[in-house]
Amino acid sequence: MPKKRPVATALAGALCLVTTACADSSTGKADDTGDNAPAAAAESGYPVTLDNCGVPERFTKAPSRVVTMNGASVAEVSTLLALGLGDRIVANQQSYGMSEVAGRAKAIKALPTGGVKLNDAYDIPREAMIGLRPDLVLSTTSYGFDEKNGFATREQLKEVGAGSYVSPQGCDQDTSRMTIADSYTLLRDMGRIFNVSDRAEKLITASRKNIADVSAKVKDDKQPKVMVLFSNMTMGGNDFSSVVAKGIYNDILAKAGARNAFASASKTSFADLSKEKVAATDVDALVVIGYNDPDPAAYAKKLLKEFPQWPAAKNNKYVALSDSMYLGPSNDLAVGKIARMLHPDRF
């Protein structure tokens, strides 16, 4: 398992200014760089400029040598795979080992890693990054471009012809405001960068429809209080330091007809709770997220036995999930699985 710092970054991450794709000029049109530029741009979709964390990134063609940094995330690599862009990846440091999407974990495992020696943050140091000759580097948060951590900065990457991208809500590393809409922003931005916006929009449309269908079925039911936490993970000093308080998780719960039992326990993404605090809270159901844990369901069952007073224990209400609860292209799967666990009579 990665050390505490990179894990907490992604989970608090998990994941600023929301990145948006925009035209290269203030008029909303591609810039003219020659007699045939307007026609060529219309045909190719380039140039494309993103204002990403206040840094303008300009692309004149689709990247072909992409590096995805670790960040304890799979949002970026999963998004590329969902868009059919796996062949553009020359080095991927993201892995999860499990997924709600059939075949995704295997596909991620099969990607090249670049054969580099990782630093203490389990990620790609500056010299190794430059040696990979990337034309695009993706990082979950700005942490991955911080010179103090031994990483190549965005300026240094630009000097060697590489673009860079920080995923939505990653500019200031505060993911407490993240929603499902940020997953769509990531899809749209990658669609623009690689000129596959049609694929991105199809995925977004399908996800929105799936979520809307589920939400419509459960909207009139009572909203159970759900505890969301990571299995067998410690990020603080108390017995329960990986309990979700805010972030994309709460948006997923709301769409599934539920609410977070510990939403007020912290102003940040995660709460660090004592066993007494957890025991004193009515928990109607558990959502256990497996991160490098081969059996998160076993952890859920252990908690239900430990707190038999919970309604969740009395009714055996839990679901074990993995990457669909994060920023990424598959949040609709989490919404569906949670809703079916909580409101089985509606399906």
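Let's start with the lining of the second largest pocket, where strand β3 (residues 55-59) gives the largest share, 3 residues. Strands here are DSSP runs of E with at least two residues, helices are runs of H or I with at least four, and both are numbered from the N terminus. The full lining is Glu57, Arg58, Phe59, Thr60, Lys61, Ala62, Pro63, Asp135, Lys158, Gly161, Ala162 and Gly163. By class, that gives 4 nonpolar, 3 polar and 5 charged residues. In this scheme Ala, Val, Leu, Ile, Met, Phe, Trp, Tyr, Cys and Pro are nonpolar, Asp, Glu, Lys and Arg are charged, and the others, Gly among them, are polar. The space in this second largest pocket is about 190 Å³.

A quick word on what you are looking at: this is a predicted model, where local features need pLDDT of at least 70 and side-chain atom pairs count only at pLDDT 80 or more, while totals for chains, interfaces and linings use all residues. Residues are numbered from 1 along each chain as its sequence is written, and side-chain values use heavy atoms, with hydrogens and water left out.

I should also say what a pocket is: on a 1 Å grid over the protein atoms alone, it is an open set of points with protein on both sides within 12 Å along at least five of seven lines, whereas a cavity is a set where a 1.4 Å probe fits but cannot get out; lining residues have an atom within 4 Å of a point. Grid points are joined across faces, edges and corners, and the volume is the space filled by probe spheres set on them.

Now, the largest pocket. Its volume is about 220 Å³. Fifteen is a lot to read aloud, so here are those closest to the centre among the 15 lining residues: Gln93, Gln94, Ser95, Ile108 and Lys109. Helix α4 supplies the largest share of this lining, 3 residues. The lining splits into 7 nonpolar, 7 polar and 1 charged.

Let's step back to the whole protein. You can find 13 helices and 13 strands in it. Of its 347 residues, 52% count as buried, which here means under 20% relative accessible area, with exposed meaning over 50% and partly exposed in between (1.4 Å probe, protein chains only). The accessible surface comes to about 15,000 Å², and carbon and sulfur atoms hold 50% of that; these areas come from the Shrake-Rupley method with a 1.4 Å probe, and for residues only the protein chains shown count as cover.

For a buried spot, turn to Val287 in strand β12 (residues 285-289). Val287 counts as buried because its relative accessibility is 0%. What is Val287 in contact with, leaving aside its neighbours within four places in sequence? The partners are Val226, Met227, Val228, Leu229, Leu253, Val319, Leu321, Met325, Ile338 and Met341, where contact means heavy atoms within 4.5 Å. Val287 and Ala320 are 33 residues apart in sequence, yet their C-alpha atoms are 5.9 Å apart.

Helix α3 (residues 75-82) is mostly covered too, with 6 of its 8 residues buried. Those buried residues are Ala75, Glu76, Val77, Ser78, Thr79 and Leu80. They pack against β4 (66-68), β5 (89-92), α4, β6 (136-139) and α7. After α3 comes Gly84, with a positive phi near 75°.

Next, the cysteines. Counting a disulfide as a pair of cysteine sulfur atoms within 2.5 Å, we get 1 disulfide. It joins Cys53 and Cys171, whose sulfur atoms are 1.9 Å apart. Distant parts of the chain are linked here: Cys53 is in the loop between β2 and β3, and Cys171 is in the loop between β7 (163-166) and α7 (180-193), 118 residues apart. The torsion about the S-S bond is about -85°, so this disulfide is left-handed. Cys53 is partly exposed at 21% relative accessibility, whereas Cys171 is buried at 18%.

Finally, some backbone details. Most residues other than glycine have a negative phi, and most peptide bonds are trans. Which peptide bond is cis, with omega near 0°? That is the bond from Tyr46 to Pro47, and Pro47 lies in the loop between α2 (37-44) and β2 (48-52). Tyr122 has a positive phi, near 55°, and sits in the loop between α4 (104-109) and α5 (126-131). Asn232 also has a positive phi, near 50°, and is in the loop between β8 (225-230) and β9 (240-244).
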